[in-house]
Amino acid sequence: MTHNEFVAHIRERYSDLFDPTNSDQDWQYLITVGPGWWPLIEEYCQRAEASLRDNGEVGRWYIRQVKEKMGELRIYLRPAPYERIEIDGFPEIVHDIDPPQPTPVQEALSDLRAEIVGRANLTCEECGEPGGLRVIDGWYRTVCDRHFAEWQVRKAGR
Ligand SMILES: [Zn+2]
């Protein structure tokens, strides 16, 4: 599966988790992690979708970005920019603000993200084999021994 195919699969299968106004161009940069982490992304989407469904909050939270930063998986989930509700029978657009206390679904999604990120920290972003955080010249990546060796060769060749 190519990266584009993976992104297309996520976009279609988990459409509830993404802002429907995302353009094709938005989608080019929405998920930019390597194939070793794709199964973790899929699992996150599956479980996040189930959690939102169980709590009646489908469409209230959108994944804004999935990327690697400093060798770590980052998943940015944000409240939907607004929701249409009715007040005394009149439709209103209410801008979402963080409630003072995390709601149960926020806690569940936060725990889920922490678990998935924790596992990504031990998983090679290239191939999915066991790995760890490695550093070369201030560049951070989470890779297995084999991909660390390949990376060292590539860096040395420059
Ligand atoms: Zn690897």
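## A tour that starts at the zinc

Begin by selecting the zinc ion together with C124, C127, C144 and H147: the three cysteines coordinate through SG and the histidine through ND1, at 2.1 to 2.3 Å. Keep in mind as you go that this is a predicted model.

Turn on angle labels at the metal. The 4 donor atoms make angles of 101 to 115 degrees, and the site is tetrahedral. For reference, the ideal angle for four tetrahedral donors is 109.5 degrees.

Now look at the site in the sequence panel, where the donors follow the spacing C-x2-C-x16-C-x2-H. Colour two of the donors separately: C124 sits in the loop between α4 (104–120) and β5 (132–136), while C144 sits in the loop between β6 (139–143) and α5 (145–156), so this pair ties together parts that are 20 residues apart in sequence. Are C124 and C144 buried or exposed? C124 is buried, with 0% relative accessibility, and C144 is buried too, at 6%.

**Next stop: the loop between β5 and β6**

Stay in this part of the chain and select D137, which is in the loop between β5 and β6. Its phi is near 50 degrees, a positive value in a residue other than glycine. D137 counts as exposed, because its relative accessibility is 70%.

For another residue with this kind of backbone angle, jump to M70 in the loop between β1 (61–69) and β2 (72–79). M70 is not a glycine either, and its phi is also positive, near 50 degrees.

**Zoom out: the whole chain**

Switch to a cartoon view. You should find 5 helices and 6 strands, arranged along the sequence as α-α-α-β-β-β-β-α-β-β-α. The chain has 158 residues, and 34% of them are buried. If you take contacts between residues at least 6 apart in sequence, 52% join residues at least 24 apart.

**Helix pairs**

Packed pairs of helices are described by the angle and the distance between their axes.

Select α3 (residues 38–54) and α4; their axes come within 10 Å and cross at roughly 170 degrees. An angle over 145 degrees counts as roughly antiparallel, so that is how α3 runs relative to α4. Show side chains to see what meets: the α3 side includes L40, Y44, R47 and L52, and the α4 side includes V105, L109, L112 and I116. Taken together, the residues of this contact divide into 10 nonpolar, 1 polar and 5 charged.

Keep α3 on screen and add α1 (residues 3–13). How do the axes of α1 and α3 cross? They do so at roughly 5 degrees and come within 11 Å, and the two helices are therefore roughly parallel to each other. On α1, pick H3, F6, H9, I10 and R13; they meet W38, I41, E42, C45 and E49 of α3. The α1 and α3 contact residues divide into 5 nonpolar, 2 polar and 3 charged.

**Last stop: W27**

Finish with W27, in helix α2 (residues 24–28). At 7% relative accessibility, W27 is buried, since the cut-off is under 20%. Which residues does W27 touch, leaving aside those up to four places away in sequence? Select V7, R11, F18 and N22 to see them. Then draw a distance from the C-alpha atom of W27 to that of R64: the two residues are 37 apart along the chain, and the separation is 9.8 Å.

How values were computed: Residues numbered from 1 in each chain as written. Predicted model: local features only at pLDDT ≥ 70, side-chain atom pairs only at ≥ 80, totals over all residues. Heavy atoms only, no water. Donors = N, O, S within 2.8 Å, 3.2 Å for Na, K, Ca; no water. Tetrahedral: all angles 85-135°; square planar, octahedral: opposite > 155°, others 65-115°. Helix = DSSP H or I, 4+ residues; strand = E, 2+ residues; numbered from the N terminus. Buried < 20%, exposed > 50% of the residue type's maximum accessible area, 1.4 Å probe, protein only. Axes fitted to C-alpha atoms, helices over the stretch in contact; angles between N-to-C directions. Parallel < 35°, antiparallel > 145°, perpendicular 65-115°, else oblique. Contact = heavy atoms within 4.5 Å. Nonpolar A, V, L, I, M, F, W, Y, C, P; charged D, E, K, R; others polar.
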